[in-house]
Number of protein chains: 4
Amino acid sequence: MLNQVVLIGRLTRDPELRYTPGNGVAVCNFSLAVERPFTNRQGEREADFINIVTWRKQAEQCANHLGKGRLVAVNGRLQMRSYETQDGQTRRVAEVVGESVRFLDWPKNSNKNSGSNYSESGFGNQGSSDNSGSDQFGFGGEEYQVDDDDVPF
Amino acid sequence: MLNQVVLIGRLTRDPELRYTPGNGVAVCNFSLAVERPFTNRQGEREADFINIVTWRKQAEQCANHLGKGRLVAVNGRLQMRSYETQDGQTRRVAEVVGESVRFLDWPKNSNKNSGSNYSESGFGNQGSSDNSGSDQFGFGGEEYQVDDDDVPF
Amino acid sequence: MLNQVVLIGRLTRDPELRYTPGNGVAVCNFSLAVERPFTNRQGEREADFINIVTWRKQAEQCANHLGKGRLVAVNGRLQMRSYETQDGQTRRVAEVVGESVRFLDWPKNSNKNSGSNYSESGFGNQGSSDNSGSDQFGFGGEEYQVDDDDVPF
Amino acid sequence: MLNQVVLIGRLTRDPELRYTPGNGVAVCNFSLAVERPFTNRQGEREADFINIVTWRKQAEQCANHLGKGRLVAVNGRLQMRSYETQDGQTRRVAEVVGESVRFLDWPKNSNKNSGSNYSESGFGNQGSSDNSGSDQFGFGGEEYQVDDDDVPF
DNA sequence: TTTT
DNA sequence: TTTT
């Protein structure tokens with residue numbers, strides 16, 4: 001009935017832009033490293049790596065202007081999406097459908113967001129997708145162990 | 001850096017209460033059916049099934065007072081948790097760590113939330129966990145197909 | 001840049017439905033009692049009384065289906081609106097512009113939400129507005145003018 | 001029952017740090033300019049000016065590290081606070097009680113957040129408060145009294 | 001001025 | 001696999 005998510009984090013890689021085969025609707029996927037609000041037992045600050053998907057005009061804006069390391073705020077809803085593995089299994093993956101993505105910093109390298117050479121950024125995106133199969137999204141689940149190390153703060 | 005989630009939905013089954021092996025910290029898991037804000041191409045309203053985990057006193061309150069079908073509001077943060085499958089693979093599963101869980105309706109069957117016979121409710125929870133291994137949490141991902149049917153509204 | 005609010009609370013009175021003078025856009029105002037997550041020094045649970053405004057179709061749905069005491073979830077954005085007092089001062093008042101309003105309970109009195117006799121419910125709302133000048137909004141406001149310029153998007 | 005706010009915006013002036021008279025609890029007030037997600041009829045992007053209050057350690061961190069123009073994300077709850085005007089009227093003002101405040105940029109002027117000369121930054125804050133009576137909060141407020149009874153939990 |  |  002209500003499903004609201006707000007995240008602030010950094011892109012773990014360049015965004016990927018694709019189009020739906022039928023209607024050619026733009027869809028952009030990226031992963032966000034969102035730091036946890038506490039440190040673990042070793043005093044390290046961990047992060048959650050959360051998949052974001054945006055659609056249409058916003059998808060293209062993200063693909064054109066964002067890159068690995070950029071800081072963004074995303075608000076949207078949390079969704080579980082099903083898909084088939086190569087061997088025919090059904091898997092479910094969590095992702096945040098980004099209704100809005102705000103850019104919170106600007107790249108040091110100023111050839112981004114210049115409005116002129118997006119193709120370069122586009123190349124970067126496609127290049128990066130060579131070694132970034134969706135399998136690295138890495139959500140899955142068989143066994144579920146309750147552990148003291150999972151206790152927060 | 002910021003990670004805020006608010007969900008309203010109904011429990012898809014009775015909550016499961018466990019304790020961490022070391023410190024005996026209470027942890028409660030349940031799954032929430034959260035209806036999407038639109039209908040699909042067949043005019044049906046789909047839902048996302050989202051795993052919730054709560055800790056300590058709140059875990060026990062949920063286990064004692066909630067049951068399948070109950071309506072709750074959860075606010076917390078979205079987390080990706082890793083675990084090992086039986087064959088040694090690492091899987092990651094999304095879950096919302098519930099900082100607060102508000103009860104938004106009361107069961108028709110008034111023997112819940114009576115403050116007297118929680119043990120009965122406790123039995124129900126334990127009984128339900130017999131045939132509900134954690135493997136049913138089951139979100140995972142290898143392949144990622146872009147599809148027109150995934151385009152929202 | 002980002003402005004997200006989620007509230008759950010009860011209507012402190014029946015909603016008020018009006019229309020903008022120029023374009024006749026429906027606008028519905030009500031006030032929500034939102035309990036604080038803690039008790040005060042006297043052990044009492046206080047509430048914040050927060051003004052909500054919704055527009056268009058949602059405004060009419062709220063006016064038709066809601067009444068004093070009803071439990072709702074509102075998500076929207078926090079806005080400061082200016083208005084003139086009778087003696088010409090400018091005042092600013094906070095309100096939440098409700099993008100969505102979910103109904104979380106149903107009235108005991110089942111003649112609401114029956115889908116058949118909304119006109120009756122409508123009468124009730126209008127009747128209640130007779131003695132409910134906007135001054136009762138309790139934020140030091142005097143007159144609450146509905147204006148076409150306030151209609152969002 | 002539930003009251004969650006997330007804002008991203010820029011400080012409209014330096015934060016003000018004070019201490020409650022009884023227990024000496026630190027409290028920091030500032031105002032955030034939060035841009036609206038649309039432009040008005042004249043094509044201008046307006047902003048809402050929203051009062052933020054934080055307590056204890058976070059209050060001091062804000063006072064030490066933040067200044068006018070800085071970009072922050074605030075999450076907290078929306079609260080209506082009463083106060084007395086000089087002529088004895090009761091006024092109510094909206095403010096967001098910031099549970100967490102994340103700093104989203106760093107000042108160009110690098111003598112902030114250096115960890116060494118916070119006293120200078122402190123002077124700046126006090127100096128700025130000379131000409132920043134609370135009346136500029138723009139909600140018709142006259143005097144803003146810090147009170148021990150307002151300290152949360 | 002306020003809801004359950 | 002799923003809630004109303």
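The exchange below goes through a predicted model, chain by chain and contact by contact.

Colleague: Which pattern does chain A follow along the sequence?

Modeller: The secondary structure of chain A comes to two helices and six strands. Read along the sequence, these elements give the pattern β-β-β-β-α-β-β-α.

Colleague: What share of the contacts in chain A with a separation of 6 or more comes from residues 24 or more positions apart?

Modeller: Chain A has 153 residues, and 54% of them are buried. Of its contacts with a separation of 6 or more, the share from residues 24 or more positions apart is 59%.

Colleague: How many disulfides does the structure hold over all chains?

Modeller: A disulfide needs two cysteine sulfur atoms within 2.5 Å. In chain D, the sulfur of Cys28(D) has its closest cysteine sulfur in Cys62(D), at 5.2 Å, which is too far for a bond. Over all chains, the number of disulfides is zero.

Colleague: Which cysteine has the sulfur nearest to that of Cys62(C)?

Modeller: Cys62(C) is buried, with a relative accessible area of 0%, and is in no disulfide. The nearest cysteine sulfur is 5.2 Å away and belongs to Cys28(C).

Colleague: Is Cys28(D) buried or exposed?

Modeller: Buried means a relative accessible area under 20%. The relative accessibility of Cys28(D) is 0%, so this residue counts as buried.

Colleague: How far is Val5(B) from Leu78(B) in space, C-alpha to C-alpha?

Modeller: Val5(B) lies in strand β1 of chain B, residues 2-11. In sequence, Val5(B) and Leu78(B) are 73 residues apart. Leu78(B) is nevertheless among the residues in contact with Val5(B). From C-alpha to C-alpha, the distance is 6.6 Å.

Colleague: Which residues of chain A does Val5(B) contact, leaving aside neighbours within four places in sequence?

Modeller: At 0% relative accessibility, Val5(B) counts as buried. Its contacts within chain B include Val74(B), Asn75(B), Gly76(B), Arg77(B) and Val96(B). From chain A, the list holds Gln4(A) and Val5(A).

Colleague: What area do chain C and chain B bury between them?

Modeller: Five residues of chain C are in contact with five residues of chain B. Carbon and sulfur atoms carry 82% of the buried area. The area buried between the two chains is about 430 Å².

Colleague: Which residues of chain C lose the most area to chain B?

Modeller: The elements of chain C that give two or more residues to this side are β1 (2-11) and β5 (71-84). Three residues together make up 68% of what the side of chain C buries. They are Val6(C), Ile8(C) and Leu104(C).

Colleague: How many residue pairs are in polar contact across the interface of chain C and chain B?

Modeller: By class, the side of chain C that touches chain B has five nonpolar, no polar and no charged residues. The rule finds zero salt bridges across this interface. For residue pairs in polar contact, both at pLDDT 80 or more, the number is also zero.

Colleague: With which side chain does the side chain of Arg81(C) make a polar contact?

Modeller: Arg81(C) is found in strand β5 of chain C and, at 7% relative accessibility, counts as buried. Leaving out residues up to four places away in sequence, Arg81(C) touches Arg91(C), Arg92(C), Val93(C), Glu95(C), Tyr144(C), Gln145(C) and Asp150(C). The polar contact, at 2.8 Å, is with the side chain of Glu95(C).

Methods:
Residues numbered from 1 in each chain as written. Chains lettered and ligands numbered in written order. Predicted model: local features only at pLDDT ≥ 70, side-chain atom pairs only at ≥ 80, totals over all residues. Heavy atoms only, no water. Buried < 20%, exposed > 50% of the residue type's maximum accessible area, 1.4 Å probe, protein only. Helix = DSSP H or I, 4+ residues; strand = E, 2+ residues; numbered from the N terminus. Contact = heavy atoms within 4.5 Å. Buried area = accessible area lost by both parts, 1.4 Å probe. Salt bridge = Lys/Arg side-chain N within 4 Å of Asp/Glu carboxyl O. Polar contact = N/O pair within 3.5 Å; in protein donor to acceptor, adjacent residues only side chain to side chain. Nonpolar A, V, L, I, M, F, W, Y, C, P; charged D, E, K, R; others polar.
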